[in-house]
Amino acid sequence: MVRGMNFAINCSSSTSSSYDETATAFTEDDDDRPASEFFKEAEDLLQRGIRNLFAAGNQCGIQIPVNANSSLAKKVKNVLNDDGDDDEGVSPKWRMDPYRSMSDWTLVVRDGSVQPQVYHIHKAVVSFGQRRSGFFVRIFEQNLRDGRSKLGKGGVTEIALPKRAAQNIPMLLDFVYEDKLDLDADSAPAMRYLANQFDVRDLYSLVSSFIQGDLSEQTVTRYIAEAEAVKDKELLTIGMQIATAKFHLIPDEALVQIPPHVFQQLISSPQMNCPTPERLSQRVAIYARGRSDEINDEVFYFMTHAQI
């Protein structure tokens, strides 16, 4: 019997050997390992220790009078029910105070504005797991090879992005940190651009699948406008192909979302599909009225004399 404690152990110490595997978690060669490995191994070590403790308790008849609704009981239950598939576990948040979350890297995003956007991130999160960024992995590895960075020390990465893409950096970080993603026709092109720029392969696949299922005559003009904003030539080409094929079906209110210089390319395309010249003229007139502040005499002449 162990005095002063609210539980009793009624078996021998033969089960104590189950803890031996936790005694040598770190070795003298650890200095050369990536920080992400330390982060994951420390988490695994704690979870494995708790599992072993409760397994030994069950075998030995330990009874622990813990309130099932207490915060301790809930935390223990979460650990015991963890199947080990979560590559993030308990992790810091990029939105937290950088000192409290122990941020060890800074991302500075420039989009042409006077003040850049600054994000305090964590190397172990953005470079580890299924949602990792290959962009950051290469930077961290290169810094270590060059001796410019040590494990545990911070650094800065600066990057220039189109304004529309820069506005969606928080959504990118939410996906990498917490697997959160809420896409629509306005955000998907920017997220596709960022997924490619930061080499987040899972995100690129998810966004591409979403776009493929969402592109239609109802949404195509939004995709064209957003693809143009982030200079995604591939997505812009796909959008133009759909718009020319279904030009007569595009809603009036959606038509005016197309930038004027892109609209010029659209109506002069050899693939333009419009049932009659009269219908085409009606579409051009609707667009001209909707974007009258941006259409000068030269653009107006081109739109009304386009060779189709």
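Which residue follows helix 4, and what is the sign of its phi? In this predicted model, helix 4 is followed by Gly-147, whose phi is positive, near 75°.

**View 1. Helix 4 and the elements that cover its buried residues.** Helix 4 runs over residues 134-146, and because each residue should add 1.5 Å, its 13 residues are expected to span 18 Å, which agrees with the 18 Å between its end C-alpha atoms. The buried residues of this helix are Gly-134, Phe-135, Phe-136, Val-137, Phe-140 and Asn-143, and what covers them includes strand 1 (105-110), strand 2 (117-121), helix 3 (123-126), strand 3 (156-160) and helix 7 (188-197).

**View 2. Phe-135 and Phe-198, one of the eight aromatic pairs in the structure.** The two rings meet edge-to-face, with 5.0 Å from centre to centre and 75° between the planes. The pair links distant parts of the chain, since Phe-135 belongs to helix 4 whereas Phe-198, 63 residues apart from it, lies in the loop between helix 7 and helix 8 (201-214). Both of these residues are buried.

**View 3. Phe-136 and Phe-140, a stacked pair within helix 4.** The ring centres of Phe-136 and Phe-140 are 5.8 Å apart and their planes stand at 20°, which is under the 30 degrees required, so the pair counts as stacked. Because Phe-136 and Phe-140 are four residues apart in helix 4, about one helical turn separates them, and both are buried.

**View 4. The aromatic cluster and a charge over one of its rings.** Trp-105, Phe-135, Phe-136, Phe-140 and Phe-198 together form one aromatic cluster, and the charged end of Lys-123 sits over the ring of Phe-140, at 5.9 Å from its centre.

Note on methods: Residues are numbered from 1 along each chain as its sequence is written. This is a predicted model: local features need pLDDT of at least 70, side-chain atom pairs count only at pLDDT 80 or more; totals for chains, interfaces and linings use all residues. Side-chain values use heavy atoms; hydrogens and water are left out. Helices (H or I, at least four residues) and strands (E, at least two) are DSSP runs, numbered from the N terminus. The expected span of a helix is 1.5 Å times one less than its number of residues. Buried means under 20% relative accessible area, exposed over 50%, partly exposed in between (1.4 Å probe, protein chains only). Contact means heavy atoms within 4.5 Å. Rings of Phe, Tyr and Trp (its six-membered ring) pair if their centres lie within 6.5 Å; planes under 30 degrees apart count as stacked, over 60 as edge-to-face and the rest as tilted. A charge sits over a ring if NZ of Lys or CZ of Arg is within 6 Å of the ring centre and within 35 degrees of the ring normal.
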